[in-house]
Amino acid sequence: DLMKTKEKLLKTLVVLSIIICSIYIYYHVNTIKDFILENRDLSVLLYTLAWIVLPIFLFPVPILALVGGVLFGLFWGSVITTLAAMINIILMYYIGRFLGVKNFTMNVKDSFMSVLILRFIPLVPYNLLNYACGFLGIGLKNYILASFVGIIPGTVILINLGENVLNFGSKEFWLSLLYLFILTIISLWLRHVYNNHHPK
């Protein structure tokens with residue numbers, strides 16, 4: 001059928017565009033970072049747009065969070081990053097939903113807790129989780145609420161590290177690394193708990 005063929009072609013073009021743009025961004029990551037840092041008058045706007053757009057192309061979000069800490073400090077960096085990330089999270093969900101199987105919805109009994117635990121685990125790629133939740137048709141309300149709560153700890157810790165990254169060797173710098181280490185340990189434990197409750 002012609003409509004199905006056009007839909008498959010459009011989905012293929014979307015995926016190819018994401019792959020091509022991802023490769024381009026990875027090769028120009030320093031240029032993007034320097035551009036945001038050098039245009040401080042527009043830094044809030046540029047940083048927000050970067051957070052909304054770049055993760056779509058599989059850009060590593062920890063780098064963005066570290067830049068946010070350098071630019072805005074802990075409080076405003078966390079606020080701006082969380083708001084921008086939530087816009088991105090919803091956008092990527094709908095892209096994943098578009099690329100998913102039509103009229104397919106995954107019946108996950110505890111979708112809120114599943115998404116929340118996965119958000120807490122830094123080892124679970126932020127970008128792929130966004131796409132996966134949309135692709136599998138996880139309920140939007142549970143997805144948004146769990147994502148909002150789940151990204152806060154990692155966001156605050158990475159922003160804090162970014163704020164102190166230029167003070168290498170200071171007490172604050174080592175504390176920020178300690179917080180990141182603690183989050184990683186907790187995340188590994190949560191992944192263990194999640195795997196036990198969701199056996200393959």
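This short presentation describes the fold, the nonpolar cores and several individual residues of one protein chain.

Good morning, colleagues. Please bear in mind throughout that the model is predicted.

I shall begin with the overall architecture. The protein chain contains eight helices and zero strands, and its pattern along the sequence therefore reads α-α-α-α-α-α-α-α. Of its 200 residues, 39% count as buried. Among contacts with a separation of 6 or more, 79% are between residues 24 or more positions apart. The surface that the chain exposes comes to about 11,900 Å², and carbon and sulfur atoms supply 72% of that area.

Let me turn to the interior. As a general point, nonpolar side chains in soluble globular proteins tend to be buried together. In this model, the largest nonpolar core has 31 residues, and the members that touch the most others are Y47, W51, C133 and Y143. Helix 3, helix 4, helix 5, helix 6 and helix 7 each give two or more residues to this core. Which helix provides the largest share? That is helix 4, with twelve residues. To take one of the central members, C133 touches Y93, V115, I138 and Y143, leaving out residues up to four places away in sequence. There is also a second, separate core of six residues, including F57, I95, L99 and Y131.

Helix 5 deserves a separate word. Is helix 5 largely enclosed or largely open to the outside? Seven of its ten residues are buried, so the rest of the structure largely encloses this helix. The buried residues are S111, S114, V115, L116, I117, L118 and R119.

Two of these, V115 and R119, lead us to S147, which is found in helix 7. S147 has a relative accessibility of 0% and therefore counts as buried. Its contacts, apart from neighbours within four places in sequence, are M86, I89, V115 and R119. With R119 there is also a polar contact, side chain to side chain, at 3.1 Å.

Further along helix 7 we find N160. Why does N160 count as buried? Its relative accessibility is 12%, and the cut-off for buried is under 20%. Again setting aside neighbours within four places in sequence, N160 is in contact with L74, S176 and Y179.

I come finally to the aromatic rings. The model has six aromatic pairs. In one of them, W51 and Y126 meet edge-to-face, with 5.8 Å from centre to centre and 85 degrees between the planes. This pair links distant parts of the chain, since W51 lies in helix 3 and Y126 in helix 6, 75 residues apart. Both partners are buried: W51 has a relative accessibility of 4%, and Y126 has one of 11%.

F173 and W174 form another pair, with ring centres 5.2 Å apart. Their planes stand at 75 degrees, so this pair too is edge-to-face. Here the partners differ in exposure: F173 is buried at 6% relative accessibility, whereas W174 is partly exposed, at 47%. Elsewhere, ring pairs link Y93, Y94 and Y143 into a cluster. Y143 is thus a residue to look at twice, because it belongs both to this cluster and to the members of the largest core that touch the most others.

That concludes my presentation. Thank you for your attention.

Technical notes: Residues numbered from 1 in each chain as written. Predicted model: local features only at pLDDT ≥ 70, side-chain atom pairs only at ≥ 80, totals over all residues. Heavy atoms only, no water. Phe/Tyr/Trp six-rings, centres within 6.5 Å; stacked < 30°, edge-to-face > 60°. Helix = DSSP H or I, 4+ residues; strand = E, 2+ residues; numbered from the N terminus. Buried < 20%, exposed > 50% of the residue type's maximum accessible area, 1.4 Å probe, protein only. Polar contact = N/O pair within 3.5 Å; in protein donor to acceptor, adjacent residues only side chain to side chain. Contact = heavy atoms within 4.5 Å. Core = buried A, V, L, I, M, F, W, Y, C linked by side-chain atoms within 4.5 Å. Areas by Shrake-Rupley, 256 points an atom, 1.4 Å probe, with all protein chains shown as cover.
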